[in-house]
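Subject: Structure for your review

Dear colleague,

Please find the structure below, handed over for your own work. My notes on its side-chain interactions follow it.

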Amino acid sequence: MALISLEDLDSLDDEQLNDDITDNPEPMDEEGAERLLAHWQAVASTHQVSIPPEMTGPIQEMTHNNQQREPLPFAPSTRHEKMGEVVFEERLYPAGHWACISRGEDLYEQSISKGFMKLMRFICKENSAGRYLGMTIPVVSNINIMEDGKSFEKNVVTAFFLPAEFQADPPQPTDPDISIVYREPFRVIARIFFGTTTEETVGRQITLLWEILGDPDNICRDSYMVAVYENPGVPRRRNEIWFIRRSP
């Protein structure tokens, strides 16, 4: 494999990688595949995760279909702004089927990375439909807080909402670690942040949003959600921290 430097990775953004694939309907050549795999390996190393060889195919297919991502529908309720900037907003998400996997690695970022790799394989033909299912955004991780009110529990559930085409009759995963779960509607308070999603950065965002909200009594304090909208390789990717409203 040709060596790739940190400078190469800095200049190798997702748009360039997608152009290499979508501009050419033929299968990716060996050099392009090596560049793409090296890019993902470098990103994974920041989460202390390695990418096994069997991920090469799903990575190529997900990158090839990167522009065909279906947004998770929601109904906006209230939006709070300050000096023209949205500070947070409340949303209602619909009931529906989610593909979910739970991982309990040493680090939060390892759990979400390893969980998402399994979801990628489910999306890319390792399912009862035997086809590429399509991707929805955001990918959402559920985290629970330990009794100290700060530390994350090891088990993290990472999930994505099945595309509309499959909501009525969800394909089943071949991987027994993945479950198709029907979730009832839920209401969240969402605030955007940018960059990586590690236990440190997510914990900081939880603290910040509590400072903004004050101390409302109808929001869960022991469970939160992290929504990721972009490929992990995007340097300044968009994420959101979601606080969950308790049912009345």
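Arg-103 and Glu-105 form a salt bridge through their side chains, with 2.7 Å from N to O. The model is a predicted one, and the values in this message should be read accordingly. Both partners of this bridge, Arg-103 and Glu-105, are buried. For Glu-105 the relative accessibility is 17%, and because buried means under 20%, the residue falls in that class. The pair also appears as a polar contact between the side chains of Glu-105 and Arg-103, again at 2.7 Å.

Where does Glu-105 lie in the chain? Its place is the loop between strand E4 (96–103) and helix H5 (108–123). Leaving aside residues up to four places away in sequence, Glu-105 touches Gln-110, Ser-111, Lys-114 and Lys-154.

The count of salt bridges in the model comes to 14. Two further examples may be set beside the buried one.

The first example joins the side chains of Arg-121 and Glu-126, at 3.2 Å from N to O. Arg-121 has a relative accessible area of 26%, so this residue is partly exposed. Glu-126 is partly exposed as well, with a relative accessible area of 30%.

The second example joins the side chains of Glu-200 and Arg-204, also at 3.2 Å from N to O. Both residues belong to helix H6 (residues 199–213), and because they are 4 residues apart there, about one helical turn separates them. Glu-200 is exposed, its relative accessible area being 58%. Arg-204, at 47%, is partly exposed.

Salt bridges also form a network, which links Arg-79, Glu-89, Arg-91, Arg-238 and Glu-240. One member of this network, Arg-238, takes part in another kind of interaction: Arg-238 lies over the face of Tyr-229, at 3.9 Å from the ring centre.

I turn next to the aromatic residues. The count of aromatic pairs is 10. In one of them, the ring centres of Trp-98 and Phe-161 are 5.4 Å apart and the planes stand at 75°; since an angle over 60 degrees counts as edge-to-face, the pair is classed that way. The pair connects distant parts of the chain, with Trp-98 in strand E4 and Phe-161 in strand E7 (residues 156–161), 63 residues apart. Trp-98 and Phe-161 are both buried.

Trp-98 has a further ring partner in Phe-186: the centres are 6.3 Å apart and the planes are at 50°, so this pair is tilted. Because Trp-98 lies in strand E4 and Phe-186 in strand E9 (residues 186–194), the pair ties together parts of the chain that are 88 residues apart in sequence. Phe-186 is buried, as is Trp-98.

Which residues make up the cluster linked by ring pairs? The members are Phe-74, Tyr-93, Trp-98, Phe-161, Phe-186 and Trp-242. Trp-98 also has a charged neighbour, in that the charged end of Arg-183 sits over the Trp-98 ring, 4.9 Å from its centre.

In summary, strand E4 contributes Trp-98 to pairs with Phe-161 in strand E7 and with Phe-186 in strand E9. The loop between strand E4 and helix H5 holds Glu-105, whose side chain meets that of Arg-103 in a salt bridge.

With kind regards

How values were computed:
Residues are numbered from 1 along each chain as its sequence is written. This is a predicted model: local features need pLDDT of at least 70, side-chain atom pairs count only at pLDDT 80 or more; totals for chains, interfaces and linings use all residues. Side-chain values use heavy atoms; hydrogens and water are left out. Helices (H or I, at least four residues) and strands (E, at least two) are DSSP runs, numbered from the N terminus. Buried means under 20% relative accessible area, exposed over 50%, partly exposed in between (1.4 Å probe, protein chains only). A polar contact is a pair of N or O atoms within 3.5 Å; within protein, one must be able to donate a hydrogen and the other to accept it, and residues adjacent in sequence count only if both atoms are side-chain atoms. Contact means heavy atoms within 4.5 Å. A salt bridge is a side-chain nitrogen of Lys or Arg within 4 Å of a carboxyl oxygen of Asp or Glu. Rings of Phe, Tyr and Trp (its six-membered ring) pair if their centres lie within 6.5 Å; planes under 30 degrees apart count as stacked, over 60 as edge-to-face and the rest as tilted. A charge sits over a ring if NZ of Lys or CZ of Arg is within 6 Å of the ring centre and within 35 degrees of the ring normal.
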